[in-house]
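Me: Please take a close look at one part of this structure and work outward from there. I would like the cut-offs stated along with the values.

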Amino acid sequence: MAQESPKNSAAEIPVTSNGQLEDSHEHSFNRDLKCSLPVGLGLSETKITSHGFDGAKEGVVEAGQFPSKGSSASPKSSVISPSSAAASRLAGQGCDLIIPTGGRAQQKSGPVVLADEVKNPAMEKLELVRKWSLNTYKCTRQIISEKLGRGSRTVDLELEAQIDILRDNKKKYENILRLAQTLSTQLFQMVHTQRQLGDAFADLSLKSLELHEEFGYNADTQKLLAKNGETLLGAINFFIASVNTLVNKTIEDTLLTVKQYESARIEYDAYRTDLEELNLGPRDANTLPKIEQSQQLFQVHKEKYDKMRNDVSIKLKFLEENKVKVLHNQLVLFHNAIAAYFAGNQKQLEQTLKQFHIKLKTPGADAPSWLEEQ
């Protein structure tokens with residue numbers, strides 16, 4: 001029973017025919033040996049000697065401290081006893097090597113985790129700038145080619161005709177808007193003058209007894225005209241606000257989508273031209289990756305172009321429906337208000353404002369109160 005303990009901590013050492021260690025098994029032997037060392041014992045403190053590798057002689061591994069530099073004593077020799085059973089048991093243990101670090105603290109080896117390489121923000125920005133520069137160059141070249149008549153462009157005849165009509169209508173609506181604003185300004189000045197004239201007539205009516213009735217009639221007439229003018233002014237301002245919203249918000253929003261569609265069309269044609277030029281050239285190991293990459297970029301911009309074209313078609317359709325509805329109501333309002341004012345039909349003029357839910361602002365309603373100013 002006492003003879004089994006050295007064998008348990010031994011390992012077989014395969015040798016070649018000339019007595020040298022076999023290189024292929026050196027790593028396995030060193031690993032098994034590390035597992036068999038006592039806890040806290042370093043490799044620098046261990047020395048192994050062997051006597052004969054003919055399989056008949058046995059040896060024992062002894063671990064001890066080396067003598068100091070001044071000493072002439074040699075360390076104890078060790079003899080290794082090969083044992084296949086011990087080697088198999090040591091190989092299956094899978095123990096970790098514990099290495100002393102100056103003190104009694106011990107550190108076990110563990111799995112090594114390789115972290116992902118951290119992305120550099122500067123490189124990402126540089127890549128974005130490179131892509132933007134390349135895209136800008138291609139689009140600029142496409143625009144210049146189209147203007148010089150050398151490049152081809154994709155045209156949707158029906159959609160382009162609708163866009164041209166929309167832009168032409170926008171110019172005409174802007175002209176109507178400017179004229180209506182001019183009319184509103186002039187009417188405001190006229191109403192202000194009529195109000196002042198009515199006040200002057202009323203003052204003279206009180207001070208001139210012989211012309212009291214005549215000044216009184218004119219004062220009432222001018223005040224009535226000023227009141228009807230304020231009502232007409234409210235209708236015209238409501239008309240201006242509605243047309244301004246239609247022109248500068250609704251139509252402008254649609255034209256913004258049209259601009260995005262045109263930019264997508266230029267990018268699509270630029271990458272289409274690039275792909276066509278690559279397909280006309282030779283096909284070899286250098287050009288095939290470029291053709292494949294160009295094909296992918298072309299497909300991306302084609303999908304973007306189709307999406308923007310669909311968006312423009314939908315917006316044009318809804319804009320047409322909204323425009324007809326808004327302009328129909330506003331034109332009816334403008335006509336009825338103007339006709340009632342110049343016909344002197346005060347009731348019809350007031351009824352027109354009620355029909356379109358227009359509320360007149362009283363003079364000084366927008367001015368802040370004394371408490372608000374404080």
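Reply: K323 has a relative accessible area of 12%, so this lysine counts as buried (under 20% relative accessible area; exposed is over 50% and partly exposed lies in between, with a 1.4 Å probe and protein chains only). The model is predicted: local features need pLDDT of at least 70 and side-chain atom pairs pLDDT 80 or more, while totals for chains, interfaces and linings use all residues. Residues are numbered from 1 along each chain as its sequence is written, and side-chain values use heavy atoms, without hydrogens or water.

K323 sits in helix 7; helices are DSSP runs of H or I with at least four residues, strands are runs of E with at least two, and both are numbered from the N terminus. Setting aside neighbours within four places in sequence, K323 is in contact with N169, Y173 and L246, where contact means heavy atoms within 4.5 Å.

Helix 7 covers residues 287-343. With 57 residues at 1.5 Å a residue, helix 7 should span 84 Å, and this agrees with the 81 Å between its end C-alpha atoms (the expected span is 1.5 Å times one less than the number of residues). After helix 7 comes G344, with a positive phi near 75 degrees.

Helix 7 also takes part in the largest nonpolar core, along with helix 5 (157-207), helix 6 (212-280) and helix 8 (346-355); each of these gives two or more residues. That core has 41 residues, and I163, L187, I251, Y261 and V312 have the most contacts inside it. A nonpolar core is a set of buried Ala, Val, Leu, Ile, Met, Phe, Trp, Tyr and Cys residues joined through side-chain atoms within 4.5 Å. Helix 6 is the main contributor, with 17 residues. Beyond residues up to four places away in sequence, I163 touches V258, Y261, V312 and L316.

Aromatic rings add further links. There are six aromatic pairs in the structure; rings of Phe, Tyr and Trp (its six-membered ring) pair if their centres lie within 6.5 Å, with planes under 30 degrees apart called stacked, over 60 edge-to-face and the rest tilted. One of them joins F239 and F334 at 4.9 Å centre to centre, tilted with 40 degrees between the planes. This pair connects distant parts of the chain, since F239 is in helix 6 and F334 in helix 7, 95 residues apart. F239 has 5% relative accessibility and is therefore buried, whereas F334, at 26%, counts as partly exposed. Elsewhere, ring pairs tie Y261, Y268, F298 and Y305 into a cluster.

Helix 4 packs onto this region too: its buried residues lie against helix 6 and helix 7. They are N135, K138, C139, Q142 and E146. Helix 4 runs over residues 121-147; its 27 residues should span 39 Å at 1.5 Å each, and its end C-alpha atoms are 39 Å apart, which agrees. At its start, a side-chain oxygen of N120 comes within 3.3 Å of the backbone nitrogen of A122. Just past helix 4, G149 has a positive phi of about 80 degrees.

For the whole protein, there are nine helices and two strands, in the order α-α-α-β-β-α-α-α-α-α-α. Of the 374 residues, 27% are buried. Among contacts between residues at least 6 apart in sequence, 71% join residues at least 24 apart.

Conventions
A polar contact is a pair of N or O atoms within 3.5 Å; within protein, one must be able to donate a hydrogen and the other to accept it, and residues adjacent in sequence count only if both atoms are side-chain atoms.
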